[in-house]
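Biologist: I should like to go through the enclosed spaces of this model and the terms used for them. Please set each value against its definition.

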Amino acid sequence: MKHLLQAMKIEVNKMTYLKDPESSDLGKRIIEHSILMIHDMGFDAFTFKKLGEMIGSNESSIYRYFENKHKLLLYLTSWYWGWQEYQFVFATNSIADPTEKLEKAIEIITQPVVLDASYSHINEVLLNDIIINEYSKSYLTKEVDTENKEGYFEIYKRMVLRISEMIENLKPNYMYPSSLASTLLEGSLHQYFLTQHFPSLTDCNKKVTPTEYFKHLVFNSIKEI
């Protein structure tokens, strides 16, 4: 099953792009170098003009793939959550025990990301760092409700639903499965952000991992139900 998942193309909402970047070498270079540049300079400083100069291509050629850099960010974040979903499904699919299944799910969501050789043009470690630092910029916009209706955040929402269902399977009477699931998914990013930028605001560090913290949080939240 693992080899099957590695061979599969990660599907991203087609409205994020004008031309599928996976369909050409130029498209893949756009994705590869946009990740490198956004990681290096931040999303706010990143422009298609700078990207074009980096890859030796006209700025107009990038606009044939993406309408603007916001749509590019939506593409990158959607790809990331799709990739994470594959890891999530593979790691938990064969586990029958609901406690063990939820524990493994927490590990997959909160553990440090490692490179996946299946996608040579995408550095998942750098992309994960972009998600930690920039993901909120993809939805903290005035267009969020419209983009939500158009399915831009469908994979992320599906991940929350998968976790919520695991919580319900373990504790059917727990009243807040979706809230706890979204707290886990979003909170994991936030804890990594705090360890990088505001270490005094978190107990996660080299000795206490976000995985340990969220296992404690989730299982203690539902244990009395």
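Biologist: What gives the most to the lining of the largest cavity?
Modeller: H10 does, with four residues. Helix H5 (69-92), helix H7 (124-134) and helix H10 (177-197) each supply at least two residues of that lining. They are called helices because each is a DSSP run (H or I, at least four residues), numbered from the N terminus. The model is predicted: local features need pLDDT of at least 70, side-chain atom pairs count only at pLDDT 80 or more, and totals for linings use all residues. Residues are numbered from 1 along each chain as its sequence is written.

Biologist: Why is a space called a cavity?
Modeller: Because, on a 1 Å grid over the protein atoms alone, a 1.4 Å probe fits at its points but cannot get out; lining residues have an atom within 4 Å of a point. The largest cavity has a volume of about 90 Å³. Among its 13 lining residues, Tyr-80, Ile-109, Asn-128, Ser-188 and Leu-189 are the closest to its centre.

Biologist: What makes one residue in the lining of the second largest cavity count as charged?
Modeller: Asp, Glu, Lys and Arg count as charged, and Glu-154 is one of the residues lining that cavity. The lining there divides into seven nonpolar, two polar and one charged, whereas that of the largest cavity has nine nonpolar, four polar and no charged.

Biologist: Which element supplies the largest share of the second lining?
Modeller: H5, with four residues.

Technical notes
Side-chain values use heavy atoms; hydrogens and water are left out. On a 1 Å grid over the protein atoms alone, a cavity is a set of points where a 1.4 Å probe fits but cannot get out, and a pocket is an open set with protein on both sides within 12 Å along at least five of seven lines; lining residues have an atom within 4 Å of a point. Grid points are joined across faces, edges and corners, and a volume is the space filled by probe spheres set on the points.
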